[in-house]
Amino acid sequence: MSRVYNFSAGPAVLPEEVLKEAAEEMMDYRGCGMSVMEMSHRSKMFQTIIDEAEADIRMLMNIPDNYKVLFLQGGASQQFAAVPMNLMKNGVADYIQTGQWAKKAAQEAKNYGKVNIVASSEDKTYSYIPDCSDLPISEDADYVYICENNTIYGTKYKTLPNTKGKLLVSDVSSSFLSEPIDVTKYGVVYGGVQKNVGPAGLVIDIIREDLITDDVLPGTPTMLKWKTQADNGSLYNTPNCWGIYICGKVFKWLLNNGGLEAMQKKNIEKAQILYDFLDQSKLFKGTVEKDSRSIMNVPFVTGNDELDAKFVAESKAAGMENLKGHRTVGGMRASIYNAMPKAGVERLVEFMADFEKKNS
Ligand SMILES: *Cc1c(COP(=O)(O)O)cnc(C)c1O
């Protein structure tokens, strides 16, 4: 068996301990004679799995009792519709457009109400997070929406926007569980888990209880109504059992490794290694303004498309996969999520230094 260093933006690297444990339990989950994939979602065994997963993520993120945790399908993209359907009472929402995911979310919301783009960084290819300390927040806005870590462009909010008392909704897909957050600052925090948490096919919503009501937009599908999911403990229909099971293992892995404070420390350390190299390199250049840098997704370029392609090909041959940048941005991108070991980042930087020597 040989494993590569996988810098994919998502689906992405998972902790080896978790994969090994899942492999050991594949044929016979804890004496029940079947795998979790084969198990009824109504069984006691599975109920224990989902209950433990919820208890563990609550502990990890210090989620207050007045927030519900939902394990849903449809990915983050489906929540782009669920958010306005469940939250638009006045039919108005403010969006901060810091990249493609925020833009897609705003476009989706336009199907259901009036959407104001109150700030955007589109003018500079989304290479920074705009100043959000005094935005023209709409008086009748039902919520203010952000994408907290911009997976494609590699930017991250360092302080949350001043929403002037309005509800904050945040897509944290690519920074989920990478650092502690104060859940009480949000009305809704949600993320697809396939970036930093688990396998594809599961999105986790953390929603303040009072926002989960029957008062949703007319025509909201039963499945997209958060109340349906909350009332049924995420088991209204068959959930992504396997995804919930693996995420539960990742939560335990995080708890056993010092929780989110420890993870943040490691993540900052890993990102620093890469940014320090980029800041002194004469060949490679980070594409993001320094005070907006993500510690999860690090895009960089040489400024020469041919050299970029050569770098991607040669790094792949050297055991580093998925360093090609997003198709809309070009260049390279290293996603260095929780499960990427420090040794992987060190190996990448060593390879970059060597590539620079040979190509300049
Ligand atoms: C990947 C990603 C999405 C889309 O996730 P899906 O689960 O594929 O719908 C949305 N937002 C962010 C920030 C992402 O990184």
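**View 1. Here are the residues that surround the ligand in this predicted model.** Gathered around the ligand are Gly75, Ala76, Ser77, Phe80, Trp101, Cys147, Asn149, Thr151, Asp171, Ser173, Gln194 and Lys195. Now look at some individual atoms. Thr151 offers a polar side-chain atom that sits 2.4 Å from an oxygen atom of the ligand. Lys195 also uses its side chain: an N or O atom there is 2.5 Å from a ligand oxygen. With Ala76 it's the backbone you want to look at, where an N or O atom lies 3.0 Å from an oxygen atom of the ligand.

**View 2. Gly10 meets residues from far along the chain.** You'll find Gly10 in the loop between β1 (5–6) and α1. Is this residue buried, exposed or partly exposed? Gly10 counts as partly exposed, because its relative accessibility is 31%. Leaving out residues up to four places away in sequence, Gly10 touches Gln194 and Lys195, and both of those are also on the list of residues around the ligand. Gly10 and Gln194 are 184 residues apart along the chain, yet their C-alpha atoms are separated by 5.6 Å.

**View 3. Asn6 makes polar contacts through its side chain.** Asn6 belongs to strand β1. A polar atom of its side chain lies 3.0 Å from the backbone nitrogen of Ser8. There's a side-chain partner too: Asn6 and Asn322 make a polar contact at 2.8 Å. Setting aside neighbours within four places in sequence, Asn6 is in contact with Ala12, Val13, Glu321, Asn322, Ser335 and Met340.

**View 4. This one shows the largest nonpolar core, with 51 residues.** Which residues have the most contacts inside this core? They are Met61, Phe71, Ile96, Leu177, Ile204, Ile206 and Phe251. Plenty of elements chip in, with at least two residues each from α1 (16–24), α2 (44–61), β2 (67–72), β4 (114–120), β5 (144–147), β10 (203–208), α6 (241–256) and α7 (259–280). The top contributor is α6, which gives nine residues. There's also a second, separate core of 32 residues, and Ala271, Met296, Ala334 and Val349 are among its members.

**View 5. Ile96 and Ile146 touch each other.** Not counting neighbours within four places in sequence, Ile96 is in contact with Ala102, Val118, Ala119, Pro130, Cys132, Leu135, Val144, Tyr145, Ile146, Tyr157 and Pro161. Ile146 itself lies in strand β5. Ile146 is classed as buried because its relative accessible area is 0%, and the cut-off for buried is under 20%. With the same kind of neighbours left out, Ile146 is in contact with Ile96, Tyr157, Leu160, Pro161, Leu168, Val169, Ser170 and Asp171. That last name, Asp171, is another of the residues around the ligand.

**View 6. Three strands make an open sheet, and a helix lies across them.** What is the order of the strands? Reading across the sheet, it goes β11-β12-β14, with antiparallel pairing. The edges are β11 (285–286) and β14 (332–335), each pairing on one side only. Strand β12 (residues 297–301) pairs with β11 over two bridges, and here Lys285 stands opposite Val301. Finally, look for α7: this helix lies across β11, β12 and β14, running at about 20° to β12.

Note on methods: Residues numbered from 1 in each chain as written. Predicted model: local features only at pLDDT ≥ 70, side-chain atom pairs only at ≥ 80, totals over all residues. Heavy atoms only, no water. Core = buried A, V, L, I, M, F, W, Y, C linked by side-chain atoms within 4.5 Å. Buried < 20%, exposed > 50% of the residue type's maximum accessible area, 1.4 Å probe, protein only. Helix = DSSP H or I, 4+ residues; strand = E, 2+ residues; numbered from the N terminus. Contact = heavy atoms within 4.5 Å. Pairing = 2+ DSSP bridges. Axes fitted to C-alpha atoms, helices over the stretch in contact; angles between N-to-C directions. Near = heavy atom within 4 Å. Polar contact = N/O pair within 3.5 Å; in protein donor to acceptor, adjacent residues only side chain to side chain.
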